[in-house]
Amino acid sequence: MTSRRKLIATAAVGATGIAAAKIADSYGLIPPDYKGPYGAGDTLTYAAQRLLASGSPAREFTRAQISKKPHAHKAPPQDAAFLAHQANGFANWRLAVDGLVARPVSLSVADVKAYPVSSQITQLICEEGWSYVAEWTGVPLSLILEHAGIQPNAKYVVYFSSQNRRVDSIDMADALHPQTLVTHAMNGADLPVPFGGPLRLRVPRQLGYKNLKFLNRILVTDSLEAYPPKSKYAWYAGI
Ligand SMILES: Nc1nc2c(c(=O)[nH]1)N[C@H]1C(S)=C(S)[C@@H](COP(=O)(O)O)O[C@H]1N2
Ligand SMILES: [Mo]
């Protein structure tokens, strides 16, 4: 969410914020970073988007609209472990799927590629004000989760990057959304390392920072207590 929208939402809620929060809570629609300075505004935006648009798709584009020069943000990892993976074509890279699942698994990139693929031409939008359109191909996260057997008390998916131990999370509505992909290809080729190869979680309904590169673990959980949302940006970054 842009800070302008955040301000408008916060101003619009004003004194009624507490009431909005109570309604949202009764529907399980309090975002887990509610306590911050924008708490009431974030809650209203989150609750409104979850109620009105929880199944709605992110905009898709045509092939002609694919960006000629997509913008890779920041250098890929340079640590010895990552460079070793890269040197042997990520043959030993693993994506762990664990937590509240009946059958925890550890998937190789080949295992991920063996799932039915889905492609989308969507826009990656950075909160810093730039964006690009690309075609992403991968397996819907929902397929991996359903295969692992999601337990009924699951509420969130926490996902991990090998880069700087970066972690983020989404709720089950976004985790099971058909456009949320464990991506292994971009613009018709293996996902390039600068764009998060070998695997990246693509969450096109949320801002760029929710789209973690160098994905190596997916944890299904009923609480974010162990992985509290970072305060720098809103946890729910719906667009
Ligand atoms: N592992 C990892 N994932 C990341 C980041 C990062 O620094 N490291 N940056 C995030 C941010 S802020 C944005 S906007 C996008 C940038 O994606 P791009 O490199 O494809 O442009 O990746 C997100 N995922
Ligand atoms: Mo970003």
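Two strands pair if DSSP finds at least two bridges between them. Keep that cut-off at hand for the exercises below, which use a predicted model.

**Exercise 1. Find how far the model's confidence reaches, and where it drops.**

Start with the whole chain: the mean pLDDT is 87, and 82% of the residues reach 70 or more. Then turn to residues 1-15, where the pLDDT is below 50. Beyond near neighbours in sequence, that stretch has 20 contacts in the model.

**Exercise 2. Work out which strands pair with E7, and in which sense.**

Step one: locate E7 at residues 181-186. Step two: look towards E4 (residues 131-140), which is joined to E7 by five bridges in an antiparallel arrangement. Here Trp136 has Met186 of E7 as its bridge partner.

Step three: turn to E9 (residues 200-202), which pairs with E7 over three bridges, again antiparallel. Within this pairing, Leu181 stands opposite Arg202.

Step four: follow the chain into E8 (residues 189-190), joined to E7 by two antiparallel bridges. Two bridges satisfy the cut-off of at least two, and Met186 has Ala189 as its partner in E8. E7 and E8 make a hairpin with two residues between them, and Asn187 in the turn has a positive phi of about 50°.

**Exercise 3. Decide whether E7 is enclosed or open.**

Count the buried residues: six of the six in E7 qualify, so the strand is largely enclosed by the rest of the structure. Val182 gives a good view of the surroundings. Its contacts, leaving out residues up to four places away in sequence, include Leu95, Val112, Leu141, Ile144, Leu201 and Ile218.

**Exercise 4. Trace the largest nonpolar core and the part H6 plays in it.**

First, the core itself: it has 32 residues, and Leu141, Leu145, Val157 and Val182 have the most contacts inside it. Next, the contributors: among the elements giving two or more residues are strand E1 (95-99), helix H6 (141-148) and strand E10 (215-221). H6 gives the most, with four residues.

Now look at H6 closely. Leu141, Ser142, Ile144, Leu145 and Ala148 are buried. Seen down the helix axis, the buried residues of H6 fall within an arc of 160°, so they line one face. An α-helix has 3.6 residues a turn, so residues three or four places apart point the same way. Just after H6, Gly149 takes a positive phi of about 85°.

How values were computed:
Residues are numbered from 1 along each chain as its sequence is written. Chains are lettered from A and ligands numbered from 1 in the order in which they are written. This is a predicted model: local features need pLDDT of at least 70, side-chain atom pairs count only at pLDDT 80 or more; totals for chains, interfaces and linings use all residues. Side-chain values use heavy atoms; hydrogens and water are left out. pLDDT is the predictor's confidence in each residue, from 0 to 100. Contact means heavy atoms within 4.5 Å. A nonpolar core is a set of buried Ala, Val, Leu, Ile, Met, Phe, Trp, Tyr and Cys residues joined through side-chain atoms within 4.5 Å. Buried means under 20% relative accessible area, exposed over 50%, partly exposed in between (1.4 Å probe, protein chains only). The arc is that of the directions from the helix axis to the C-beta atoms.
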